[in-house]
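Biologist: I have a new model on my screen and would like to learn how to read it. Could you walk me through it, one feature at a time?

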Amino acid sequence: MTNPYISTRADGPEHAIWFETRPRHLAGGGDPRHITQALRAAGWKNRSDPDYPHVVLASPDHRHTVVLEPETSAYAAWWRIQAHGDHDHWYAMFGGNTPVEILAGLTDALLKPVPETAPEIWPTLAWAGWAYERDEHGNESARHPDAVLSLCRRAVEPGEDFFWTAEAALPTGLGGRERIWHAYFDDRMPPHLMAAFTHALALDEPVHRRHYDVPHSHLVTQERGPRGEQLAHAHEARLKTVRATARKTRRSTLAAQKPPSPSTTAAVPARSR
């Protein structure tokens with residue numbers, strides 16, 4: 001809890017006027033506690049240095065970490081997410097202007113059991129009206145109807161390992177593009193995590209921002225949104241759901257690891273004739 005006499009950005013939503021902001025991919029980073037508090041509600045441990053301006057969270061099984069380290073530029077990699085298993089080693093990075101509601105598509109999926117079948121990625125974007133392309137080298141890309149947001153899977157050279165990028169960038173008029181935010185994923189990303197991120201990327205729902213929290217206000221529309229008390233209640237409901245899901249996942253994991261109980265039915269000896 002913050003000191004009641006010191007106004008900070010960590011104050012609760014009750015102390016601000018909120019606006020529904022569209023499009024969500026240009027709304028700015030938002031409140032990182034949408035992610036960090038959800039992870040902690042699921043049992044992740046805070047490994048941060050209290051004297052350094054960062055957040056370091058580790059999953060209960062130590063397989064995954066999420067690091068938030070603000071940089072001098074909002075376009076640098078503020079968020080880093082990694083898997084550290086022997087057979088499950090991958091990483092992803094996100095710029096500071098990446099909306100937390102989009103990034104949470106991935107982090108929320110880390111808290112759920114791995115589905116037997118991962119949802120499709122490109123059809124999700126096609127259904128949302130994105131334009132899809134595939135070249136002769138197998139590189140794939142999809143672009144939002146506004147031509148600002150894109151998702152790509154490509155290799156630097158044909159035959160090399162692929163990697164994923166998501167980007168919001170504006171044309172400069174000189175043939176280049178001005179990056180608003182950028183995300184990078186190596187190709188070892190589990191398919192269900194990429195699908196979860198893509199689903200969040202394709203959503204058209206507004207996000208809630210204060211009037212001066214949007215880095216490119218001329219690119220968005222803002223209308224008066226719900227009261228801060230309503231957003232606080234919605235956040236608490238989100239954390240309650242995360243806790244319930246984490247408990248259910250832990251029970252399922254323990255049940256799967258528990259060895260089968262020995263049969264209690266004794267063998268009946270055969271009668272002699």
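Biologist: Let me start with a single residue: is alanine 147 buried, partly exposed or exposed?

Modeller: We use fixed classes here: buried means under 20% relative accessible area, exposed means over 50%, and partly exposed lies in between, with a 1.4 Å probe and protein chains only. Alanine 147 is partly exposed, because its relative accessible area is 34%. Before we go on, please note that this is a predicted model, in which local features need pLDDT of at least 70 and side-chain atom pairs count only at pLDDT 80 or more, while totals for chains, interfaces and linings use all residues. Residues are numbered from 1 along each chain as its sequence is written, and side-chain values use heavy atoms, with hydrogens and water left out.

Biologist: Thanks! What is notable about the phi of alanine 147?

Modeller: The general idea is that most residues other than glycine have a negative phi, and most peptide bonds are trans. Alanine 147 has a positive phi of about 65° although it is not a glycine. You will find alanine 147 in the loop between strand E8 (140–143) and strand E9 (149–155). Histidine 62 also has a positive phi, near 65°, and is placed in the loop between strand E3 (55–58) and E4. Histidine 62 counts as exposed because its relative accessible area is 53%.

Biologist: And which peptide bond is cis?

Modeller: Look at the bond from arginine 22 to proline 23, which is cis with omega near -10°. Proline 23 sits in the loop between E1 and helix H1 (33–41).

Biologist: You keep using labels such as E1 and H1. How many helices and strands are there in the protein?

Modeller: The labels come from DSSP runs, numbered from the N terminus: helices are H or I with at least four residues, and strands are E with at least two. The protein has five helices and 13 strands. Its C-alpha trace spans about 100 × 60 × 35 Å along the principal axes, and buried residues make up 39% of its 273 residues.

Biologist: How are the strands of the open sheet ordered?

Modeller: Strands of a sheet pair through backbone hydrogen bonds, either parallel or antiparallel. For a pair to count, DSSP must find at least two bridges between the two strands. The open sheet has 10 strands in the order E2-E3-E4-E5-E6-E11-E10-E9-E8-E7, with antiparallel pairing. Strand E2 (45–46) and strand E7 (131–134) are at the edges with a single partner strand each, so one side of each has no neighbour in the sheet. Within the sheet, strand E10 (residues 162–171) and strand E11 (residues 177–186) run antiparallel and are joined by nine bridges. Alanine 169 stands opposite arginine 179 in E11.

Biologist: Which strands pair with E1?

Modeller: E1 pairs with strand E12 (residues 207–209) in the antiparallel sense over three bridges, and with strand E13 (residues 221–224), again antiparallel, over four bridges. Threonine 21 faces valine 207 in E12, while arginine 22 stands opposite threonine 221 in E13. Strand E1 (residues 19–22) has Phe19 and Thr21 on a covered face, and Glu20 and Arg22 on an uncovered one.

Biologist: Now the charges, please. How many salt bridges does the structure hold?

Modeller: Side chains of opposite charge can pair when their charged atoms come close. A salt bridge here is a side-chain nitrogen of Lys or Arg within 4 Å of a carboxyl oxygen of Asp or Glu. The structure holds 13 salt bridges. One of them joins the side chains of arginine 209 and glutamate 101 (2.9 Å, N to O). This pair links distant parts of the chain, with arginine 209 in strand E12 and glutamate 101 in helix H2 (residues 100–110), 108 residues apart. Arginine 209 counts as buried because its relative accessible area is 2%.

Biologist: What about aspartate 31 and arginine 33?

Modeller: Their side chains meet in a salt bridge as well (2.8 Å, N to O). Aspartate 31 is partly exposed, because its relative accessibility is 33%. Arginine 33 is also partly exposed, at 22% relative accessibility.

Biologist: Which residues are linked in a network of salt bridges?

Modeller: The network links Arg134, Glu140, Arg153 and Asp187. With that, you have the main features to look for on your screen.
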